Amino acid sequence: MWRSGVIRGLPELMFGIWVLAALAIVVAGVNSIAKERSSKTLEVLLTTPMSGKSILRQKSEGLRRLRSLFWIALCTVIVAETWGIYVARQLDPLSVVFYPLFSLITVLLYMRCLTWFGIWLGLRIHSRTRAMVTAIVVLMVWCVLPIGFGGFVYFLEYQRANATAVFFY
């Protein structure tokens with residue numbers, strides 16, 4: 001059950017929830033605009049006396065329930081992870097407060113950014129399918145890029161360590 005103070009499987013669970021949240025939120029954001037365009041109601045919506053800013057804000061607020069669903073799931077994992085680390089005495093009391101606080105703030109900000117990214121893609125790309133495929137590809141690159149960069153840095157460090165060792169012989 002425990003692995004170095006963390007309940008086994010929590011990091012993997014958090015990663016899985018994040019992937020699902022990112023895909024669901026971005027695709028729903030793309031759909032919120034692309035659906036209007038494909039059903040030919042975007043022009044009618046733009047002729048209403050509402051400002052464009054107000055229309056976009058309301059489209060964003062339409063995704064609030066979806067964001068809340070994933071926020072609750074991620075909050076549960078963050079609290080369980082903090083509790084597991086604290087019980088294993090690997091966190092000082094101050095970190096017990098700040099780690100979950102900053103984690104939850106980060107979750108809120110990222111979810112909001114994902115919403116606006118999806119809406120932006122829906123506005124920029126006119127084809128619904130192309131917008132969704134673009135969103136999924138961008139998210140995949142966004143998730144894989146840090147792993148690839150970390151592997152590259154690890155490779156460079158490994159090469160430097162071996163080059164230094166050979167140099168001193």
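**Close-up views of a predicted model**

At 47% relative accessibility, Arg 64 counts as partly exposed, and this residue of the predicted model opens the series of views below.

**View 1. Arg 64 and Glu 61 are joined by a salt bridge.** The side chains of these two residues meet with a nitrogen-to-oxygen distance of 2.5 Å. Glu 61, with a relative accessible area of 27%, is partly exposed, because a value that is neither under 20% nor over 50% falls in that class. Arg 64 is likewise described as partly exposed, at 47% relative accessibility.

**View 2. Glu 61 also forms a salt bridge with Arg 112.** In this pair the closest N and O atoms are 3.4 Å apart. Glu 61 belongs to helix H3, which spans residues 52-61, while Arg 112 belongs to helix H5, so the salt bridge ties together parts of the chain that lie 51 residues apart in sequence. Arg 112 is partly exposed, its relative accessibility being 30%.

**View 3. Glu 61, Arg 64 and Arg 112 form a network of salt bridges.** The contact of Glu 61 with Arg 64 is 2.5 Å from N to O, and the contact of Glu 61 with Arg 112 is 3.4 Å between the closest N and O atoms. The count of salt bridges comes to two.

**View 4. A nonpolar patch lies on the surface.** Leu 94, Val 97, Phe 98, Leu 101, Phe 102, Ile 105 and Leu 109 make up this patch, which has an area of about 670 Å². One of its members, Phe 98, lies in helix H5, the helix that runs over residues 93-124. Phe 98 is partly exposed, with a relative accessible area of 36%, and this value fits its place in the patch because patches are made of residues with over 30% relative accessible area.

**View 5. The protein chain, shown for orientation, has six helices and two strands.** Read along the sequence, these elements follow the pattern β-β-α-α-α-α-α-α, with the two strands ahead of the six helices. Of the 169 residues in the protein chain, 28% are buried. Among contacts with a separation of 6 or more, 78% are accounted for by residues that stand 24 or more positions apart. The accessible surface of the protein chain amounts to about 11400 Å², and carbon and sulfur atoms contribute 72% of that area.

Key: Residues are numbered from 1 along each chain as its sequence is written. This is a predicted model: local features need pLDDT of at least 70, side-chain atom pairs count only at pLDDT 80 or more; totals for chains, interfaces and linings use all residues. Side-chain values use heavy atoms; hydrogens and water are left out. Patches are made of residues with over 30% relative accessible area and no salt bridge: like charges are joined within 9 Å, nonpolar side chains (Val, Leu, Ile, Met, Phe, Trp, Tyr) within 5 Å. Accessible areas come from the Shrake-Rupley method with a 1.4 Å probe; for residues, only the protein chains shown count as cover. A salt bridge is a side-chain nitrogen of Lys or Arg within 4 Å of a carboxyl oxygen of Asp or Glu. Helices (H or I, at least four residues) and strands (E, at least two) are DSSP runs, numbered from the N terminus. Buried means under 20% relative accessible area, exposed over 50%, partly exposed in between (1.4 Å probe, protein chains only). Contact means heavy atoms within 4.5 Å.
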